[in-house]
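Work through the following exercises with the sequence and the model at hand, and try each task before reading its solution.

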Amino acid sequence: MKYIIGSRGSKLALTQTEYVCKRLRDAYPMHTFEIAVIRTKGDKIQDKPLHEIGGKGLFVKEIEDKILSGEIHMGVHSMKDMPASPASGLIFTKPWKREDPRDVLILREAESLSKLKHGAMIGTGSKRRAFQLKRLRPDLQIVNLRGNVDTRLRKMKEQKLDGIVLAAAGLLRLGMQDYITQYLEPEEMISAPAQGILALEIRKDQIQLKEMLDHFADEETFMQMQGERTFLEEIGGSCHTPSGARCQKDGNSYRLDAVFGDEDGKKLAFTRVFGNDPKQLAKQAARQIRKKLSGMVYLIGGGPGDPGLITVKGKEILQDADCLIYDRLIPKELLNETKASCEKIYVGKENHHHTMKQEEINHLLVQKAMEYEKIVRLKGGDPYVFGRGGEEGLFLFEHQIPFKVIPGISSCIAGPESAGIPVTHRGVATGFHVVTAHDRKNQLADLDFHSMARSKDTLVFLMGLSKLEEILNRLLKEGMSEDTKAAVISHAASPNQKVCTGTLTNLSKKVREEGLTSPAIIVVGEVVSLRSQLKNDDSNRLFLVTKVGEKTSELTKVLCQDGLWVKEFQTGKICLKQCRWEKKEIEKMDVLIFTSRYGVKSFMKNLKESKLDIRCLSKTKIAVIGKQTAKTLESFGVFADWMPEQAGEDALVNFLKDKISITDCVWHMKGTMGGENLKNRLKQICDFHEKILYENVEKTEEEAAQISDYCGISFSCASSVRRFFAKMEEEDAKIWKEKMPCFSIGNKTTKQLRKLGVHKIFQAEETTYLSMKQKILEIVQEDKKDEI
């Protein structure tokens, strides 16, 4: 039979494939073996480091595709270049005896690493090699270098590098061992996992070919490969992170040397372990490395529904998190508490739809702990109350990842309380019993209904709305009185909260009629009767706050403090522009005008990046348009010289015209839009200039809001007015404009609302969030029970 063997076209790849072919031809003369050269993506891109173009799989995908299609029968690769697992439908056969796994130095002049001149330039495209070299010789300059052996040798001469690092195996196979200046032992440099081992890849169904190839298998090489590749799999290594492993016989047992670090090389950890089982050694080494390098994982309870119910400690840690892994039931407003650089990963689970399985979430926590200093796992309610936080904690413990638990307010208590139902009450219920109502198969959980039916404690069932009728019938069957009070709280502690009360015999019907949905809490017991006296006002609806930027609006914060349910609608984001200042340019400014906090932030940021500070403003007068801008300026340690009593451009111009003269150099720090009135009037009475320092860019992802959900909407700038109504269908916009109370921060915003035909406009007395809050509470509290 004719077998076609796929190979990359480099000299080394072809040499390795020829070696395989020769051994097969000698052993199986009845068959024919031919080589097909296949160019991969990794071969085509030679001017970038491997981690920037996609990693190891770039050298094998095209070959794997041709094996799967049947165009070729097998592929020959270097095992160190292979991903942890082959493509679906393919397998690696048992490895043949490996070549020397060490890395080597090829030096132009020096005799060894230690004798290289100070600041010598060494070429390599591998982070693993680069960081380990820097550990041995911090003075070395590492130059990115990729390509085949001949290409690297040529580049070394052309670029006048002092040396390069290569794998000994490749040079030995090419017969180029005379180029080697120094072999690097594991104590100096730990090589890539499976370096020096050939990977022979075939389809799973090629049984006969597998037997032919396995005839040359080397058991010792197989054991070494298992240890090294298991470490890579356990530690989660990739081309983005430096990772190495070397497994070798040490007397009658094995020794495994391993290294792993972060992407920029700031953290690099080594370990050495001994034992009889290479796979177990790999797991042990990975645990030890993780213990040295990993960040802290925080399992935090976000509370139920209301974002204000997270603990102070939990919120502080969340605000400083480098990575956030969060569930479906957390209050989404908490996402705005993270810093801009925080990586946010959604892993929410719903019935019959899991973004990630629990096992995958566990591994994700370990992976991210190796990448970041502070990782937050944010769960609704409390992490350990039916939140599977305990499973995550045990997995982290097993993998030597430090973690801390920040308890949260559980919905089993807060949910009933938000509906006016205390789970305990003197003389009514001395305790409460909390259970989850469904099992892993989504069936009614195996609960002790017999004991519950005879208990005087309050019964709380979580995650059980779909089993409501079964639960009530089981309690009745076990002898609980038909008149026992019961309630269902849907979307507890949120503006969408709905409560339905009844008895064991009629509650299920009422819930269906009122259309309550999950998530829901079922409460059974006489404490439900206290709701009529203890319940909060259930008529609250959401107030909509439009904002620019991702951070929680200050208006939202002050409204929530007064008990209003608030949802935010992001209409845009602020992009600060770069501007380099010269000291002499700043010192020529007689007056600086700021008409927004973004102008202040951008100016100060650019001042710092220009290596200047506020000392160069010592002779400059600073004018601000209002209190919010003044407050932002003060956060940089600078106080405004001038601020009109009333906010707005007209008031600012009228205030300034008596303060400045025709010879004054006046600069307005502004955004891309607005400021025309200021410019037109001031340029007549002074040497006026303006600098655009930021842009308010529209955010397109937000969907139009539904009017029935809200009792009012606020606007703090004219652009938010335009963008909000532009997202709506014409008929919907008409209803909003006619019926929805719209709250404006100032004249320009009010003018835009009138221009669009809005009927109910309420403008704040002053252009501050506090004044807006007072106006909103004054109007909304009067009419919150009325239909809009």
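Strands are DSSP runs of E with at least two residues, numbered from the N terminus. The model used throughout is a predicted one.

**Exercise 1.** Determine in which strand Gly 671 lies, and whether Gly 671 is buried or exposed.

Solution. Begin with the secondary structure, where Gly 671 belongs to strand β30, which covers residues 665-671. Next take the relative accessible area of Gly 671, which is 3%; since buried means under 20%, Gly 671 is buried. Finally, look across to Leu 693, which is 22 residues apart from Gly 671 along the chain, although their C-alpha atoms are separated by 5.7 Å.

**Exercise 2.** Check the span of helix α12 against the value expected at 1.5 Å a residue.

Solution. Helix α12 runs over residues 358-369 and has 12 residues. The expected span is 1.5 Å times one less than the number of residues, which gives 16 Å for α12. The end C-alpha atoms of α12 are 17 Å apart, in agreement with that expectation. Among the buried residues of this helix are Ile 361, Leu 364, Leu 365 and Val 366.

**Exercise 3.** Find which residues make the nonpolar surface patch that includes Met 463, and classify the exposure of Met 463.

Solution. The patch, of about 240 Å², is made by Val 385, Phe 386 and Met 463. Met 463 sits in the loop between β22 (458-462) and α16 (468-477). Its relative accessibility is 41%, and because partly exposed lies between the 20% and 50% cut-offs, Met 463 counts as partly exposed.

Conventions. Residues numbered from 1 in each chain as written. Predicted model: local features only at pLDDT ≥ 70, side-chain atom pairs only at ≥ 80, totals over all residues. Heavy atoms only, no water. Helix = DSSP H or I, 4+ residues; strand = E, 2+ residues; numbered from the N terminus. Buried < 20%, exposed > 50% of the residue type's maximum accessible area, 1.4 Å probe, protein only. Patch = residues over 30% accessible without salt bridge, like charges linked within 9 Å, V, L, I, M, F, W, Y side chains within 5 Å. Areas by Shrake-Rupley, 256 points an atom, 1.4 Å probe, with all protein chains shown as cover. Salt bridge = Lys/Arg side-chain N within 4 Å of Asp/Glu carboxyl O.
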